[in-house]
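User: I'd like a close look at one part of this protein, with enough of its surroundings to place it. Please take me through it step by step.

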Amino acid sequence: MSGEGKVVCVTGASGYIASWLVKQLLQLGYTVKATVRDPNDPKKTEHLLALDGAKERLEIFKASLLEEGSFDAAIDACDGVFHTASPVLLSSNVSQADVVDPALKGTLNVLRTCAKVPSIRRVVLTSSDAAVLSNGKPLTPDVTVDETWFSDPNFCEKSKLWYRLGKTLAEEAAWKFSEENRINMVAINPGMVLGPLLQPTLNASVKPILNLVKGVKIPCETYSWVDVRDVAKAHIQAFENLTACGRYCLAERVANHFGIFKILRGLYPELNPPEEYTEEKASEPTHRVSKERAQSLGITYIPLELSLKDTIESLKEKNFIIA
């Protein structure tokens with residue numbers, strides 16, 4: 001197994017992406033030091049402790065993004081760090097302090113600890129396409145977004161896009177700190193993440209899917225979509241591949257919510273669409289996201305149709321949807 005004998009830290013391990021990352025790392029034989037804010041909260045730890053290999057190779061640590069030095073014990077003597085911990089608050093009624101401070105200060109807190117640990121050979125940062133797309137450029141059908149795109153903090157702030165601002169400032173600061181302190185860092189920039197849930201709580205990126213199934217009206221927004229299992233795999237590939245560097249955008253497909261509902265309706269014909277969800281709007285063309293660098297990591301995406309099916313079945317299994 002590729003991870004046998006290696007020790008890595010996963011921050012924010014109870015989260016959606018991080019839980020899958022821990023699962024895949026354990027499957028590969030890694031020893032994982034996982035951080036959570038409250039190790040005594042069963043919602044944060046039970047699903048992790050139940051994973052295959054957890055009994056032998058998983059240790060849980062208490063750490064907080066805004067508590068300086070709280071990651072020291074978890075990161076000490078590690079070969080690598082996967083920094084996934086960051087608040088994912090996508091609604092418009094959150095404040096700048098709720099999102100930006102933990103994202104930015106927390107990332108630098110973790111990296112300051114990494115800089116003190118000579119055994120670390122690479123840090124993999126969980127960023128987002130929120131740090132890529134938000135620059136005011138029009139996303140028209142002839143546009144292909146790639147890793148050279150960066151969000152504009154001023155645009156995010158003026159538009160009050162606090163989650164996007166937090167991810168943008170955090171990644172920007174991480175690159176600067178890593179270069180100044182000679183930390184080997186790679187960033188993963190996924191779009192909207194979906195797929196089965198390991199954690200018992202509903203995460204922000206899956207909530208719109210649940211709302212579509214329940215007939216809750218949501219704005220027709222366009223996103224790039226990617227399966228959580230592919231996102232976790234990309235993190236590990238970015239750590240293991242010696243030639244990996246820079247950023248990696250992850251997107252199986254770009255689609256708006258009308259298009260997503262169209263796929264869901266094909267999978268579950270009994271679903272009733274909101275009145276304004278029309279066939280015409282469902283097929284509206286959108287921008288593209290380059291897949292070249294992701295493919296260089298060996299990522300072959302799980303199709304969006306399968307991701308959506310597995311998402312719905314997982315939501316049923318966890319009783320978010322009463323069949």
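In what order do the strands of the open sheet of 3 strands come, and what kind of pairing does that sheet have?

Analyst: Happy to. Please keep in mind throughout that this is a predicted model. The order in the sheet you ask about is β8-β9-β11, and its pairing is mixed. Its edges are formed by β8, residues 192-194, and β11, residues 253-256, each of which pairs on one side only. From one strand to the next, the twist of this sheet averages 45°.

Let's zoom in on one of its pairings. Strand β9 spans residues 222-227 and is joined to β11 by 4 bridges, with the two running antiparallel. If you want a place to start in the viewer, find Y223, which stands opposite A255 in β11. A helix also packs on this sheet: α9, made of residues 228-240, touches β8 and β9. The direction of α9 makes about 70° with that of β9.

A cavity brings us to some of the residue numbers we have just passed. The lining of the second largest cavity includes S224, C249, L250 and A251. By its number, S224 falls within the 222-227 stretch of β9. D129, V132, L133, V145, N189 and V289 are also among the residues that line this cavity. About 40 Å³ of space lies inside, and the lining divides into 7 nonpolar residues, 2 polar and 1 charged.

Now for the other sheet. This one is also open and has 7 strands, in the order β3-β2-β1-β4-β5-β7-β10, with parallel pairing. At its edges are β3 (58-62) and β10 (246-250), which each pair on one side only. C249 and L250, already met in the lining of the second largest cavity, fall within the range of β10 by their numbers. Between neighbouring strands of the 7-stranded sheet, the average turn is 20°, direction ignored.

Within this sheet, β1 (residues 7-11) and β4 (residues 80-83) run parallel and are joined by 4 bridges. Here T11 stands opposite H83 in β4. Two helices that pack on the sheet deserve a look. Helix α2, residues 42-49, touches β2 (31-36) and β3, and its direction makes about 165° with that of β3. Helix α5, residues 96-115, touches β1, β4 and β5 (122-126), and its direction makes about 180° with that of β4.

H83 also leads us to the largest cavity, since H83 is one of the residues in that lining. A search of the whole structure finds 2 cavities of 30 Å³ or more, and the largest holds about 60 Å³ of space. T84, A85, S86, A103, T107, L125, T126 and S127 are also in the lining, along with K167, A170 and E171. Helices α5 and α7 (162-180) and strand β5 each supply at least two lining residues, and the largest share, 3 residues, comes from α7. By class, the lining of the largest cavity has 4 nonpolar, 6 polar and 2 charged residues.

While we are at α7, have a look at L169, which sits in that helix. Setting aside neighbours within four places in sequence, L169 is in contact with V100, L104 and P153. By their numbers, V100 and L104 fall within the 96-115 range of α5. A73, on the other hand, is 96 residues from L169 in sequence and 26 Å from it in space, C-alpha to C-alpha.

Two loop residues are worth checking as well. K160, in the loop between α6 (153-158) and α7, is not a glycine, yet has a positive phi of about 55°. A77 is also not a glycine and has a positive phi of about 70°; this residue is in the loop between α4 (72-75) and β4.

Let's finish with a helix pair. Helix α8 (residues 207-214) and helix α13 (residues 304-317) pack at an angle of about 80°, with axes 11 Å apart. The two helices are therefore roughly perpendicular to each other. On the α8 side, the contact is made by I209, L210 and V213, and on the α13 side by L308, T311, I312 and L315. Of these contact residues, 6 are nonpolar, 1 is polar and none is charged.

Conventions:
Residues numbered from 1 in each chain as written. Predicted model: local features only at pLDDT ≥ 70, side-chain atom pairs only at ≥ 80, totals over all residues. Heavy atoms only, no water. Pairing = 2+ DSSP bridges. Axes fitted to C-alpha atoms, helices over the stretch in contact; angles between N-to-C directions. Contact = heavy atoms within 4.5 Å. Parallel < 35°, antiparallel > 145°, perpendicular 65-115°, else oblique. Nonpolar A, V, L, I, M, F, W, Y, C, P; charged D, E, K, R; others polar. 1 Å grid on protein atoms, 1.4 Å probe; cavity = no way out; pocket = protein on both sides within 12 Å on 5 of 7 lines; lining within 4 Å. Points joined across faces, edges and corners; volume = space filled by probe spheres on them.
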